[in-house]
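Good morning, everyone, and thank you for making the time. Please have a look at the sequence and the model before I begin, and then we will go through them together.

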Amino acid sequence: MCALNQGKLKELEPVFYPKSIAIVGTSQDKHKAGYQYVDGLVSTGFEGKIYPVNTRGGELLGLRVYPTLSAIPGPVDYVIVSIPRQSVLPLLDKCAAKGVKAAQFFTAGFTEANDDIGQNLEREMVKKARQGGFHIIGPNCIGVYCPESRISLGSWVALSKAGSVAFLSQSGGMAISIVEMGLARGIEFSKGVSFGNGSDLDSIDFLEYFAVDPKTEVIGAY
């Protein structure tokens, strides 16, 4: 494998194979994304560290809830974000200080909202991420699906057995439908991603990764 291909695999390894995940904006409300992401990781048996984060602290699904990302005692590879858009820039500073490798934003209200505030925020997000040396997935996306790592799209869909079919989707709703329809037809997935606005990592990045991923033989894209 050429150096370029090896570089792409190494670059996105923390996205699909994180050793620790923080969920910022967790909630005790079972209908909210901040609960669904934690529940998904717990129920699928993610073997890495799971760190719920909410300023109120407490406990969620048997896990300690940390008041801030900075308060987490160990390293954090991957951050899932479900907080209001006006709070994302200070969080990105904390991600940089923590040495985070990638941050996925379920949070919406950026370029897709077609207002100046959202567009400016998204540009600043990418600027901060690049200065901080980490990647952004999204914003306005549902994130990563990787059966081998025991990572599902929150608890919205079941986890397949690890297979050889990868998919990428701009739409979170379509990503869920792809998994549901695939599972009903016996398709087993290697990896998948909903990348939303694609402000940093976009369809080309994920296509390049899946093309050299030794676990993937077929790529589907929406």
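How do the residues of the lining of the largest cavity divide into nonpolar, polar and charged? Before I answer, I should say that this is a predicted model, in which local features need pLDDT of at least 70 and side-chain atom pairs count only at pLDDT 80 or more, while totals for chains, interfaces and linings use all residues. Residues are numbered from 1 along each chain as its sequence is written, and side-chain values use heavy atoms, with hydrogens and water left out.

The answer is that the lining of the largest cavity has eight nonpolar residues, three polar and no charged; here Ala, Val, Leu, Ile, Met, Phe, Trp, Tyr, Cys and Pro count as nonpolar, Asp, Glu, Lys and Arg as charged, and the others, Gly among them, as polar. A cavity, on a 1 Å grid over the protein atoms alone, is a set of points where a 1.4 Å probe fits but cannot get out, whereas a pocket is an open set with protein on both sides within 12 Å along at least five of seven lines, and lining residues have an atom within 4 Å of a point. Grid points are joined across faces, edges and corners, and the volume is the space filled by probe spheres set on the points. The model has one cavity of 30 Å³ or more, with a volume of about 60 Å³. Among the residues that line the largest cavity are Tyr37, Leu41, Tyr78, Ile80 and Gln104, and H2 and E5 each supply at least two residues of that lining. These labels come from DSSP runs numbered from the N terminus, where helices are H or I with at least four residues and strands are E with at least two.

Let us turn to the largest pocket, which holds about 530 Å³ of space. Its lining has 25 residues, and the closest to its centre are Gly25, Thr26, Val53, Asn54 and Thr55. By class, that lining has 11 nonpolar, 11 polar and three charged residues, and its largest share, three residues, comes from H3.

Next come the sheets, where two strands pair if DSSP finds at least two bridges between them. In one open sheet, five strands run in the order E2-E1-E5-E6-E7 with parallel pairing. Strand E2 (49-53) and strand E7 (135-137) are the edge strands, each pairing on one side only, and the twist averages 20° from one strand to the next. Angles run from 0 to 180 degrees between N-to-C directions, and axes are lines fitted to C-alpha atoms, for helices over the stretch in contact. H2 packs on this sheet, touching E1, E2, E5 and E6, and its direction makes about 160° with that of E1; contact means heavy atoms within 4.5 Å.

The other open sheet to mention has four strands in the order E8-E10-E9-E11, and its pairing is mixed. E8 and E11 stand at its edges with a single partner strand each, so one side of each is left without a neighbour in the sheet. Within this sheet, strand E9 (residues 165-169) and E11 pair in the parallel sense over four bridges, and leucine 168 stands opposite alanine 221 in E11.

I will finish with some local details. Most residues other than glycine have a negative phi, and most peptide bonds are trans. Against that background, the peptide bond from glycine 138 to proline 139 is cis, with omega near 0°, and proline 139 is found in the loop between E7 and E8. Leucine 61, a residue other than glycine, has a positive phi near 50°, and leucine 61 is found in the loop between E3 and E4. Thank you for listening.
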